[in-house]
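Colleague: I should like to go through this structure with you step by step. May I put my questions in turn?

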Amino acid sequence: MENDWTKVLDFPGYRVYRREIDEKKKHVTLWIRRKRGNRSFRCPACGRKVEGIHEAIERAARDLPCFGYTATVIVELYRLRCPDCGVKTEQLPQLPGKAPYTKRFEDEVGKA
Ligand SMILES: [Zn+2]
């Protein structure tokens with residue numbers, strides 16, 4: 001079941017580990033985190049390989065609706081401790097900028 005959500009979600013390197021479906025509000029919430037093996041980190045500021053993890057945080061992003069349901073993805077992100085830059089939050093191409101939207105959501109809204 002969780003694997004199926006991971007497949008349709010299409011967030012490379014990430015898997016769905018929890019989900020909630022609100023039938024009244026027609027809303028799906030998916031929690032995702034890195035797959036095992038997807039654990040090499042680079043500092044988003046300088047690109048250096050980083051071993052140290054400061055903490056894990058959750059970031060919620062509105063995603064495209066699916067099957068008539070609105071959708072939110074909650075992504076586990078790491079705050080990395082770079083020896084040169086200090087603590088930096090990793091960045092995903094699917095979550096550009098600071099706005100609480102996924103890239104594909106922003107692309108779709110931009111088209112409208
Ligand atoms: Zn750095």
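The questions and answers below concern a predicted model.

Colleague: How many helices and strands are there in the chain?

Modeller: From the N terminus on, the elements run α-β-β-β-β-β-β-β-α. Reading that order symbol by symbol gives the totals for the chain: two helices and seven strands.

Colleague: What are the dimensions of the box that the C-alpha atoms fill?

Modeller: The chain has 112 residues, and buried residues make up 31% of them. Its accessible surface comes to about 7300 Å², of which 50% belongs to carbon and sulfur atoms. Taken along the principal axes, the box filled by the C-alpha atoms is roughly 50 × 35 × 20 Å.

Colleague: Which element gives the most residues to the largest nonpolar core?

Modeller: In soluble globular proteins, nonpolar side chains tend to be buried together. The largest nonpolar core here has 15 residues, and Leu9, Phe11, Tyr14, Ile32, Val75 and Leu92 touch the most other members. Two or more residues of this core come from each of α1 (2-9), β1 (14-22), β2 (27-34) and β6 (69-82). With four residues, the element that gives the most is β6.

Colleague: Which residues from Val73 onwards are in contact with isoleucine 32?

Modeller: Neighbours of isoleucine 32 within four places in sequence are left aside here. Its contacts then include Leu9, Phe11 and Tyr14, which are also among the core members that touch the most others. Further along the chain, isoleucine 32 is in contact with Val73, Ile74, Val75 and Glu76.

Colleague: How many residues make up the second, separate core?

Modeller: This second core includes Phe41, Cys43, Tyr78 and Leu80. One of these, Cys43, has a relative accessible area of 3% and is therefore buried, as the limit is under 20%. The number of residues in the second core is six.

Colleague: What is the arrangement of the four donor atoms around the zinc ion?

Modeller: The zinc ion is coordinated at 2.3 Å by the SG atoms of Cys43, Cys46, Cys82 and Cys85. In sequence these donor residues are spaced C-x2-C-x35-C-x2-C. The donor atoms subtend angles of 105 to 113 degrees, so the arrangement is tetrahedral.

Colleague: How many residues apart in sequence are the parts that cysteine 46 and cysteine 82 tie together?

Modeller: Cysteine 46 lies in the loop between β3 (41-42) and β4 (49-50), whereas cysteine 82 lies in strand β6. Because the two lie in separate parts of the chain, the pair ties together parts whose distance in sequence is 36 residues.

Colleague: Is cysteine 82 buried or exposed?

Modeller: Among the other zinc donors, cysteine 46 is partly exposed, with a relative accessible area of 41%, and cysteine 85 also counts as partly exposed, at 31%. The relative accessible area of cysteine 82 is 4%. As the limit for a buried residue is under 20%, cysteine 82 is buried.

Colleague: How many disulfides does the structure hold?

Modeller: A disulfide is a covalent bond between the sulfur atoms of two cysteines. Cysteine 43, in the loop between β3 and β4, touches Cys82 and Cys85, among others. Nevertheless, the number of disulfides in the structure is zero.

Note on methods. Residues are numbered from 1 along each chain as its sequence is written. This is a predicted model: local features need pLDDT of at least 70, side-chain atom pairs count only at pLDDT 80 or more; totals for chains, interfaces and linings use all residues. Side-chain values use heavy atoms; hydrogens and water are left out. A nonpolar core is a set of buried Ala, Val, Leu, Ile, Met, Phe, Trp, Tyr and Cys residues joined through side-chain atoms within 4.5 Å. Buried means under 20% relative accessible area, exposed over 50%, partly exposed in between (1.4 Å probe, protein chains only). Contact means heavy atoms within 4.5 Å. Donors are N, O and S atoms within 2.8 Å of the metal (3.2 Å for Na, K and Ca); water is not among the atoms, so sites may look incomplete. Four donors count as tetrahedral if all angles lie between 85 and 135 degrees; four count as square planar and six as octahedral if opposite donors are over 155 degrees apart and all others between 65 and 115; anything else is irregular. Accessible areas come from the Shrake-Rupley method with a 1.4 Å probe; for residues, only the protein chains shown count as cover. A disulfide is a pair of cysteine sulfur atoms within 2.5 Å.
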